Amino acid sequence: MKLIILISDGMGDRPIPELKDKTPLEAAKTPNMDLLAKRSECGLMDPLGPGIRAGSDTAHLAILGYDPYKVYTGRGPFEAGGIGMDVREGDISFRCNFATVDEKRIILDRRAGRIKERTDELSTTLNGMKLEDVVCYFKESTAHRAALVLRGKNLGNKVTDVDPHKIGVVPPRALGLDKESKKTAEVLNEFVERSYQLLNNHPVNKERRSKGKPPANIILPRGGGLAPSIEKFSDKYNLKSACIVEVGLIKGIGRYLGMDIIDVPQATGGLDTDTLAIGKALIKALGNYDFILCNVKGPDLAGHDGNYQAKVESIEKIDLMVGYILKNLPSQVCLSLTADHSTPVSVKDHSGDPVPILFFGPQVRVDEVDKFGERAVTKGGLGRIRGLDVMNILTNLGNLSEKFGA
Ligand code: ZN
Ligand code: ZN
């Protein structure tokens with residue numbers, strides 16, 4: 001028996017007046033999700049707990065069976081892992097922005113004009129810097145984003161952010177909140193200072209200035225996290241696993257849990273993504289793997305943008321993918337379709353509203369629900385579960401779980 005979890009990122013929502021008080025999922029034409037719901041057991045899922053606003057990272061950890069309150073130490077390690085950096089237990093990782101400061105170090109632009117080109121050259125200049133006995137690994141991500149990994153002895157992770165999340169101020173010095181973290185803060189502050197010295201007159205920035213673009217002349221780290229020790233997914237469940245996901249953060253979680261990463265070139269992580277290509281890659285991967293996690297990012301982006309039309313469209317695109325998967329699914333597969341959290345367009349951020357979830361498989365107790373939507377699933381047989389229940393339910397349906405007791 002093989003297992004699949006399909007996550008439509010941030011799909012959950014609230015009633016929208018412009019949609020006649022339907023949610024985007026309720027308003028979208030989703031014949032395939034509805035057909036799947038008809039053949040499944042449905043319910044609601046609180047990724048972390050009722051009313052708790054989940055991040056994509058903590059929600060995915062929970063859905064994969066890892067209690068985020070025990071293993072989550074910040075998104076830094078996953079972000080760094082997601083762009084292919086080697087992150088080891090004990091490392092301290094940060095998310096970073098390339099930013100623009102003036103000669104007084106006042107921040108003019110937190111994203112350096114959303115710089116797109118040649119950040120790899122800037123990164124090379126910073127990567128491998130040694131400060132005391134700490135090595136600083138630095139790598140660019142998409143656009144103005146980057147990651148920093150500090151590797152050394154006795155580094156604490158209780159450090160405040162350098163990125164103040166606003167312009168017109170000098171970036172604050174990082175503070176260490178305990179003894180080990182004081183060392184981390186010292187190294188971090190030195191790294192930020194050197195980033196200015198090394199980048200300010202870098203050829204890439206000379207060129208940017210000559211074209212009237214803001215220079216990417218400082219690095220602003222934030223969200224420091226200690227790389228946690230986490231049991232590998234394949235050991236925990238004895239399943240050969242892979243993930244087909246679009247964005248770095250979720251890739252980083254997959255990589256950190258030891259899953260293989262299947263890249264789909266047509267998966268852009270944006271609203272223009274090719275969901276059918278993702279569905280095809282998933283069906284193909286079923287030949288090699290026992291477990292596949294698939295995440296499509298579109299609905300979350302539209303939610304953050306406050307764009308209900310884009311959210312409806314992106315859900316309809318995911319419905320096409322669900323249709324392809326359903327048509328081509330081998331018989332011995334159990335599948336769960338859900339969202340990792342709600343991202344209501346009225347909130348433009350994640351909310352604590354539960355999300356719809358369904359379980360499909362050869363022996364599932366099919367219920368009365370015939371439409372996949374936030375309210376329709378409340379008539380379902382699952383009731384209301386938590387993210388941490390998902391893998392238990394899925395492995396049980398697949399007859400793959402272990403008995404507790406005699
Ligand atoms: Zn998410
Ligand atoms: Zn989001």
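**A zinc site and a helix pair**

Both S56 and D340 are buried, and I would like to begin with these two residues, bearing in mind throughout that what we are looking at is a predicted model. They belong to the zinc ion that is ligand 1, whose protein donors are D9 through OD, S56 through OG, D340 through OD and H341 through NE2, at distances of 1.9 to 2.0 Å from the ion.

What geometry do the four donor atoms of this zinc ion, ligand 1, give to the site? The site is tetrahedral, with angles of 102 to 128° among those donor atoms, and for comparison the ideal angle for four tetrahedral donors is 109.5 degrees.

Along the sequence, the donor residues of ligand 1 follow the spacing D-x46-S-x283-D-H. Distant parts of the chain are linked here, since S56 lies in helix α3, residues 56-63, while D340 sits in the loop between β12 (333-338) and β13 (355-360), 284 residues apart. I should add that the zinc ion that is ligand 1 is separated by 4.7 Å from the zinc ion that is ligand 2.

Let me turn now to a pair of helices. Helix α12, residues 298-305, packs with helix α13, residues 308-328, at an angle of about 175°, and their axes are 8 Å apart; because of that angle, α12 is roughly antiparallel to α13. In the contact itself, G298, P299, A302 and G303 of α12 meet A310, K311, S314, I315 and I318 of α13, and by class this contact of α12 with α13 has five nonpolar residues, three polar ones and one charged.

Conventions. Residues are numbered from 1 along each chain as its sequence is written. Chains are lettered from A and ligands numbered from 1 in the order in which they are written. This is a predicted model: local features need pLDDT of at least 70, side-chain atom pairs count only at pLDDT 80 or more; totals for chains, interfaces and linings use all residues. Side-chain values use heavy atoms; hydrogens and water are left out. Axes are lines fitted to C-alpha atoms, for helices over the stretch in contact, and angles run from 0 to 180 degrees between N-to-C directions. Helices (H or I, at least four residues) and strands (E, at least two) are DSSP runs, numbered from the N terminus. Angles under 35 degrees count as roughly parallel, over 145 as roughly antiparallel, 65 to 115 as roughly perpendicular and the rest as oblique. Contact means heavy atoms within 4.5 Å. Ala, Val, Leu, Ile, Met, Phe, Trp, Tyr, Cys and Pro count as nonpolar, Asp, Glu, Lys and Arg as charged, and the others, Gly among them, as polar. Donors are N, O and S atoms within 2.8 Å of the metal (3.2 Å for Na, K and Ca); water is not among the atoms, so sites may look incomplete. Four donors count as tetrahedral if all angles lie between 85 and 135 degrees; four count as square planar and six as octahedral if opposite donors are over 155 degrees apart and all others between 65 and 115; anything else is irregular. Buried means under 20% relative accessible area, exposed over 50%, partly exposed in between (1.4 Å probe, protein chains only).
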